[in-house]
Amino acid sequence: MQAWQVHENGEPGAVMRLADVAPPTPGDGQVLLRVRAANINFPDALMCRGHYQVRPPLPFTPGVEICGETEDGRRVIANPVLPHGGFAEYAVADAAALLPAPDSLDDAEAAALHIGYQTGWFGLHRRAGLEAGETLLVHAAAGGVGSAAVQLGKAAGATVIGVAGGAEKAAVARDLGCDVVVDRHTEDVVAAVKEATGGRGADVIYDPVGGEAYAQSAKLAAFEGRIVVVGFASGTIPSPGLNHALVKNYSIMGLHWGLYNTKNPKLVRHCHEQLTGLAARGAIKPLVSERVALDGAAAAVQKVADGLSTGRIAVVTEEAA
């Protein structure tokens with residue numbers, strides 16, 4: 001089979017190599033899946049660089065979420081077991097963790113429903129307790145993680161303010177349903193959000209960026225606001241001022257979605273049921289901005305690494321395309 005492999009750490013476009021290799025052999029409790037579509041996530045780029053908390057042994061195949069097909073023909077959503085990731089024709093996954101792919105979504109959309117939307121659902125509902133009528137601020141609103149949070153926020157009845165970088169991404173955030181869009185390239189984010197909220201700030205702030213975005217979040221948290229920290233796409237991990245959180249009476253919440261797979265997997269299945277229902281009635285629909293063939297995966301991962309993508313880019317196998 002064909003699979004992309006990383007033999008040394010570095011930029012994805014330089015270190016990912018397409019090779020003919022033997023299909024992976026499933027271990028105990030695992031299944032072999034034919035990859036129909038693999039969604040590109042920022043952690044794929046971080047793993048190529050050797051900067052992610054999970055460091056699979058070299059060589060490894062990136063690709064942490066797929067829509068695959070079982071031997072009996074079922075479409076499923078899965079997180080491949082590294083080092084045999086999803087940017088390949090076949091991958092292995094834990095049988096107990098397979099989730100049914102919604103009939104309402106195509107392969108690329110189904111692959112994109114998993115990590116970003118699960119993270120959004122757990123962050124907004126399980127951690128922050130977002131309620132209808134509250135104001136939600138989403139950083140990187142046009143990205144894969146942010147776009148999911150925007151849609152989930154709107155589905156929950158929140159007023160959603162999206163922050164995006166540049167006119168193109170601002171337009172995408174607007175099309176996603178943001179009530180207010182702030183272009184951080186041309187506007188003062190803090191001033192614009194305060195103006196939009198009458199000086200009150202946001203009840204829930206969803207931050208996959210870190211760095212300067214987190215500094216803005218701290219200034220924009222409303223009374224009893226909740227800042228949900230889900231990642232550091234900026235590359236800078238902030239150091240929160242806890243005295244500031246105390247004085248302003250807001251909460252800082254971390255979210256590592258992957259922990260639920262081991263700590264409480266029943267919640268992951270419950271979340272998938274909720275997401276499937278939302279997708280079936282059209283309340284959410286993964287934004288797949290681009291579909292590329294397997295031989296275009298390295299360039300596509302580099303594009304995500306460079307912050308040049310909107311929504312999700314999916315690698316679709318030629319047979320399934």
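Leaving aside its neighbours within four places in sequence, which residues is V163 in contact with? I'll take that one up in point 1. Keep in mind throughout that this is a predicted model.

1. **V163 and its surroundings.** V163 sits in strand β9, which covers residues 159–164. Once the neighbours within four places in sequence are set aside, the contacts of V163 are L137, V138, H139, A140, A141, V182, R184 and V189. Its relative accessibility is 3%, under the 20% cut-off, so V163 counts as buried. There is also a pairing to look at with V181: the two residues are 18 apart in sequence, yet their C-alpha atoms are 5.9 Å apart in space.

2. **How enclosed is α4?** Helix α4 runs over residues 115–127. Of its 13 residues, 10 are buried, so the helix is largely enclosed by the rest of the structure. If you want to colour them, the buried ones are I115, G116, Y117, Q118, T119, G120, W121, F122, G123 and L124. After the helix comes G129, with a positive phi near 60 degrees.

3. **α4 against α5.** Two packed helices are described by the angle between their axes and the distance between the axes. For α4 and α5 (residues 144–155), the axes come within 8 Å and cross at roughly 50 degrees. That angle makes α4 oblique to α5. The crossing of α4 past α5 is right-handed. On the α4 side the contact uses G116, Y117, G120, W121 and L124, and on the α5 side A148, A149, Q151, L152 and G153. Sorted by type, the residues of this contact come out as 6 nonpolar, 4 polar and no charged.

4. **α4 against α11.** Here the partner is helix α11, residues 265–280, and the axes are 10 Å apart at an angle of about 100 degrees. This time α4 is roughly perpendicular to its partner α11. From α4, the residues involved are Y117, Q118, W121, F122 and R126, and they meet L267, V268, H270, C271, H272, Q274 and L275 of α11. The residues of this contact divide into 7 nonpolar, 4 polar and 1 charged. If you are looking at individual side chains, Y117 and W121 appear in the α11 contact, and both are also listed in the contact with α5.

5. **Q151, a polar residue worth a click.** Q151 belongs to helix α5. Is it buried or exposed? At 9% relative accessibility, Q151 counts as buried. Its side chain reaches the backbone oxygen of K285 at 2.9 Å. Not counting residues up to four places away in sequence, Q151 touches Y117, L176, A283, I284, K285 and P286. For a longer-range reference point, N79 is 72 residues away from Q151 in sequence, and the two C-alpha atoms are 22 Å apart.

6. **What covers α2?** Helix α2 spans residues 42–49, and D44, A45, L46, M47 and C48 are its buried residues. The elements covering them include β1 (2–6), α1 (12–15), β2 (16–20), β3 (30–39) and α12 (297–305). Just after the helix, G50 takes a positive phi of about 80 degrees.

7. **Two cis peptide bonds to check.** Going from L58 to P59, the peptide bond is cis, with omega near -10 degrees. P59 is placed in the loop between α2 and β4 (65–69). The bond from L82 to P83 is likewise cis, its omega being near 20 degrees. P83 is found in the loop between β5 (75–78) and β6 (90–94).

8. **Positive phi outside glycine.** E224 has a phi near 60 degrees, which is a positive value in a residue other than glycine. The residue is part of a strand, β12, covering 221–229. N249 is another non-glycine residue with a positive phi, in this case near 65 degrees. Where does N249 lie? It is in the loop between α9 (242–248) and β13 (251–254). With 38% relative accessibility, N249 counts as partly exposed.

Note on methods
Residues are numbered from 1 along each chain as its sequence is written. This is a predicted model: local features need pLDDT of at least 70, side-chain atom pairs count only at pLDDT 80 or more; totals for chains, interfaces and linings use all residues. Side-chain values use heavy atoms; hydrogens and water are left out. Axes are lines fitted to C-alpha atoms, for helices over the stretch in contact, and angles run from 0 to 180 degrees between N-to-C directions. Helices (H or I, at least four residues) and strands (E, at least two) are DSSP runs, numbered from the N terminus. Angles under 35 degrees count as roughly parallel, over 145 as roughly antiparallel, 65 to 115 as roughly perpendicular and the rest as oblique. A crossing is left-handed if the near helix is turned anticlockwise from the far one by less than a right angle, and right-handed if clockwise. Contact means heavy atoms within 4.5 Å. Ala, Val, Leu, Ile, Met, Phe, Trp, Tyr, Cys and Pro count as nonpolar, Asp, Glu, Lys and Arg as charged, and the others, Gly among them, as polar. Buried means under 20% relative accessible area, exposed over 50%, partly exposed in between (1.4 Å probe, protein chains only). A polar contact is a pair of N or O atoms within 3.5 Å; within protein, one must be able to donate a hydrogen and the other to accept it, and residues adjacent in sequence count only if both atoms are side-chain atoms.
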